Amino acid sequence: MTAPQARYTYAIVSPVKDEEKHVERTIRSVLSQTARPVRWIIVDDGSRDRTPQILENTIRGIDWIHLLRIHRDGKRELGITEIRAFSAGYELLKDVPHDFVVKLDCDVELQPEYFQRMLERFANNRRLGIASGAFLEQHEGKWVFIRMPGYHASGASKMVRAECFRQIGGFVHRKGWDTIDEIRARALGWGTERFQDLTFLHLKREGSASGFVYSNLLEGEIDYMTGSSQPFFILKALHRMVTRRPRIAAGMVLLWGFLKPLLRRSPRLVTSAEADAYRRLLNDRLRDGFRRLLRVRTRLIEHAYPPSD
């Protein structure tokens, strides 16, 4: 690396549970990084498969990788348990100087220059607080680029500037932690970004651990708890009804996930000011989407009815 990113240091915390199929590929890809972390804490959160043995065999003799094992029962509250494991690992970084912290899942595979290029992006933007690359998943035997908003950093490989992490109070132990962190960061003047040209592989499909129903319910609940724009959410649910399988059902389950806390008048996890700023961001996405549709419509009309000479 060249200055100034060469002076930056980062540490990784990886919560992992039952990832015997993927964890070794994640470890090998981190070992191959051109910019190595100062410390990597891997938190085995009560795995019941061969994950612990694979971890011990693969990291043996590597002094900058530390393994923390948490013994708990088999019950796992998706969306919360992993971030509690992350926090347990992060405690071990208190005496380790670092400029950035990375929350890295153990079902990903990174290009060798992934973290070097991430540090370069942060070096070029001192107000960038949270960022990630974009990921590809295997669908029907093909690697497919997963589209998400440009401001949303993937929770599977999320790099956070240490100062930003302190200011937002770390990751909250609640469902939707990887949206709440960005809402709080943006409210404090930090930028958040997902670099579409910097990619990594997500070795299993997002939501596969929880199943179709729970993952859609959870997403709807998170949309409510983070103060999502209601017009944006309604269009999102309608879009899901026609684009996701099973059609209709996917959008209906998402909608029910939003309505349950709404009907209970559950408190939101962000302040009114943070929710207002987040709604403006989502409504801006709506306006941008409508503008793109209008441009497409105009081009189609011009193509169908070219001006006569």
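Modeller: Let's start with a term: a residue is buried when its relative accessible area is under 20%, exposed when over 50%, and partly exposed in between, using a 1.4 Å probe and protein chains only. Please keep in mind that this is a predicted model, where local features need pLDDT of at least 70, side-chain atom pairs count only at pLDDT 80 or more, and totals for chains, interfaces and linings use all residues. Residues are numbered from 1 along each chain as its sequence is written, and side-chain values use heavy atoms, leaving out hydrogens and water.

Colleague: Which residues of helix 4 are buried?

Modeller: In helix 4 (residues 114-124), they are Y114, F115, Q116, M118, L119, F122 and A123. Helices here are DSSP runs of H or I with at least four residues, strands are runs of E with at least two, and both are numbered from the N terminus.

Colleague: Why is T226 called buried?

Modeller: Its relative accessible area is 1%, and the cut-off is under 20%, so T226 counts as buried.

Colleague: What makes the link from the side chain of T226 to the backbone oxygen of I222 a polar contact?

Modeller: The distance is 2.7 Å. A polar contact is a pair of N or O atoms within 3.5 Å; within protein, one must be able to donate a hydrogen and the other to accept it, and residues adjacent in sequence count only if both atoms are side-chain atoms. The backbone oxygen of D223 lies 3.4 Å from a polar atom of that T226 side chain.

Colleague: Where is T226 placed?

Modeller: T226 sits in the loop between helix 7 (212-225) and helix 8 (230-243).
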